[in-house]
Amino acid sequence: MHRDIKTGNYVNRDLSWVEFNRRVLQEAQDSTTPLLERLRFLGIVASNLDEFMSVRVAETKEKIKAGFTQKDFTGYTPSGLYRRLIKRTGAMVAEQYKTYRELIRLLAKKGVVLQEYNELNGTQQRAMDQYFHDIIFPVLTPMAVDQSRPFPLVHNKSVYLAVMLQKEEEQEDDPFFAIVQVPSNLPRVVPVPLRANSKKKTFILIEDLIKHHTHTLFSGYIPLAVQEFRLTRNADLFINEEEAEDLLEAIEKELRRRRRGAPVRLEVCKDFRSDALLELQEEFEIQDPVYEIDGPLDLSFLAGFVESIEGFSHLKYSPVQPVYPPEFLPRESHFELLRKRDVLVHHPYESFEPVTDFVLEASEDPRVMAIKMTLYRVNGDSRLIPALAHAAESGKQVTVVVELKARFDEERNIAWARKLEKAGCHVVYGLVGLKTHAKIILVVRREQNGLRRYVHVGTGNYNESTAKVYTDVGLFTSNPIIGEDASELFNEITGYSGPKAMQAFRVAPDGMKDELFSLIRRETEHALKGKRARIIAKINSLSHQDMIDELYVASQAGVQIDLIVRGVCCLRPGVEGLSENIRVISIVDRFLEHSRLFYFENSGNPDVYISSADWMTRNLKRRIELMCPVFDPSLKKMLVDILNLSLNDNVKARELMPSGNYVFVENEKPPLRSQTEAMGIIPWKPAEWSMST
């Protein structure tokens, strides 16, 4: 369905993403944010931009290379979009490094100093010389480039040194060229011994140490210039699943190919030698974008740097201790509790431990017959993997759907898959052509009255690490309708069972989109009849054109629509005659807003859902996603409270303007920062907010 709506009424997805990363940058620039947290945000900006370049910008370059000239639904051709993206990201990078220099200056005033080798005193230099000799030098490999030694493989997003050399006795010849990779398996930031009578903590970047000692790598040559560069490659995977006999092997092969992906971006340090730059551009066949960086390449190291600094907790956020949900206290059996009632858990304010405990208890319980679970992104030291392995070794039927194509987690997931298979788990890689993004655990238990199903459905990954910094919700239930749907879903993923009409779940790509459209249209009909009509959706991204069109039609009918969209939003709110009843806000704060929550007023009898899916084409058409209703009235109210808290944020919320720009929400209400408020009122039972707030 594409009604006659002008392309100017949509915001381009990639340009919207640039605006999102700018909001993250604003957090690094916010003087009210603790100083070390500002550095962390700056590292996130760099990581975000790396992924954007290696996937989205890479895809646009591929379209240009293929001669693709058709406009997208927002009115951009690939070449026109590419020019705009390079201009905007270039401006962002300049602002990013201006912010970096300011933060490093402020940090030095607080007693944490990042220095260059020549700024150290003699004692410190000798200590760093010893560190280089003992730790760094044995790892380095100088790689000359000449007729007999072709240009070596330059790894994606690694920092290298370009070295221009001259023979000691032949100083008039053209300089020789070599490269040295800065080791990624050594700390990027090296602590320096304290100066006498000083309390300041001093650090030095590893590349600065290598640059100063480059002469030790090329005996008989004089280094004329030693300068940093970094290459970003196309990191998307291209897999024909229908022709791949073994998906795991196909992905491993594709991961190796990724190392040689087409160059997308070249970064060089300030005042990079023109002859060295020409050498790199010819080798990589890249003319743009070439970013000249006034500062260290790859600021993503800042996140780890912040973690490594001890004794400066006053420059960080106050620690948060997630509350163990009171329903599970004292820590009684999940099964005993869930036979009585459903439980909703709100992370990171409430602990992720009940999820882990659920699987651990199931793995130990002799009455448990089967455990089925989806895994998309799992932390490296996850307790879930050993629990599943133990359950299989104990004779339980354990089925794990491992998504091998979870971007940038492919290698880790391959390792988990092999470990689980070795323990006797049934490991499934999902359906051909679809990523399994649904978050669900099903436990089948033998009880007095027969078999009972226990289910956990979440909005976020089963990852204990990210659960401490992402906002997500999870529903525990033994509701038989949800249990039956959970069994049907796993049968569809693991076997030849075709899509079936489910009682409670709506699953993409087969039924979720149509159900969402039906719910939106129901609100539209209610509005036209003068009944109460409202839609609230909390999602990470909104880019599906048909979904946007449906929301536009609902707005024109008078439906009040509030969208809490953290990242990309292609909808233009507040356009007269089109979307004046739609409000869009984005909250960027300490925790990554990640939960997907949907509210439909339904003339006073609201339907409330939790979901794994954003409203993007990939989620609704190319992924297995799950949308689950919440039936318990008290839990519905909890979700409404969470939504209202976000909608009333006037500290960290930015509102999307019809122009496509975001501005901080300003009103006469007392300041309300939703994440801080949430920390103050957890546990949420009973909640203190209502729809009337």
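Start by selecting aspartate 614 and arginine 596: both residues are buried. You're in a predicted model here, so treat each stop as a look at a prediction. The two side chains form a salt bridge, with the closest N and O atoms 3.1 Å apart. Aspartate 614 sits in the loop between strand S24 (607-611) and helix H16 (617-621), while arginine 596 belongs to strand S23 (residues 596-600), so the pair ties together parts that are 18 residues apart in sequence.

Next, pick glutamate 550 and arginine 521. Their side chains meet in a salt bridge at 2.4 Å, N to O. This pair links distant parts of the chain: glutamate 550 is in helix H15 (residues 545-557) and arginine 521 in helix H14 (residues 512-528), 29 residues apart. Buried or exposed, where does glutamate 550 fall? Its relative accessible area is 2%, so glutamate 550 is buried. Arginine 521 comes out at 38% relative accessibility and therefore counts as partly exposed.

Now go to helix H17 (residues 633-647) and select lysine 637 and aspartate 641, which lie four residues apart, about one turn of the helix. They form a salt bridge too, and the closest N and O atoms are 3.6 Å apart. Lysine 637 is partly exposed, with a relative accessible area of 36%, whereas aspartate 641, at 0% relative accessibility, counts as buried.

For a bigger selection, take Asp50, Arg230, Arg265, Glu267 and Asp298 together: salt bridges link these residues in a network. If you'd rather hunt for ion pairs yourself, a search of the whole structure finds 40 salt bridges.

Then switch to helix H10 (residues 353-364) and put a distance between its end C-alpha atoms. What span should the 12 residues of H10 give at 1.5 Å a residue? The expected value is 16 Å, and the end C-alpha atoms are 16 Å apart, which agrees. While you're there, colour the buried residues of H10: Pro354, Val355, Thr356, Asp357, Phe358, Val359, Ala362 and Ser363.

Last stop: colour by pLDDT. The chain averages 89, and 91% of the residues score at least 70. Select residues 1-5, where pLDDT stays under 50 and the model has 14 contacts beyond four places in sequence. Over residues 239-245 the pLDDT is also below 50, and that stretch has 12 contacts in the model beyond near neighbours in sequence. Where pLDDT is low, the predicted coordinates shouldn't be read in detail.

Terms used:
Residues are numbered from 1 along each chain as its sequence is written. This is a predicted model: local features need pLDDT of at least 70, side-chain atom pairs count only at pLDDT 80 or more; totals for chains, interfaces and linings use all residues. Side-chain values use heavy atoms; hydrogens and water are left out. Helices (H or I, at least four residues) and strands (E, at least two) are DSSP runs, numbered from the N terminus. The expected span of a helix is 1.5 Å times one less than its number of residues. Buried means under 20% relative accessible area, exposed over 50%, partly exposed in between (1.4 Å probe, protein chains only). pLDDT is the predictor's confidence in each residue, from 0 to 100. Contact means heavy atoms within 4.5 Å. A salt bridge is a side-chain nitrogen of Lys or Arg within 4 Å of a carboxyl oxygen of Asp or Glu.
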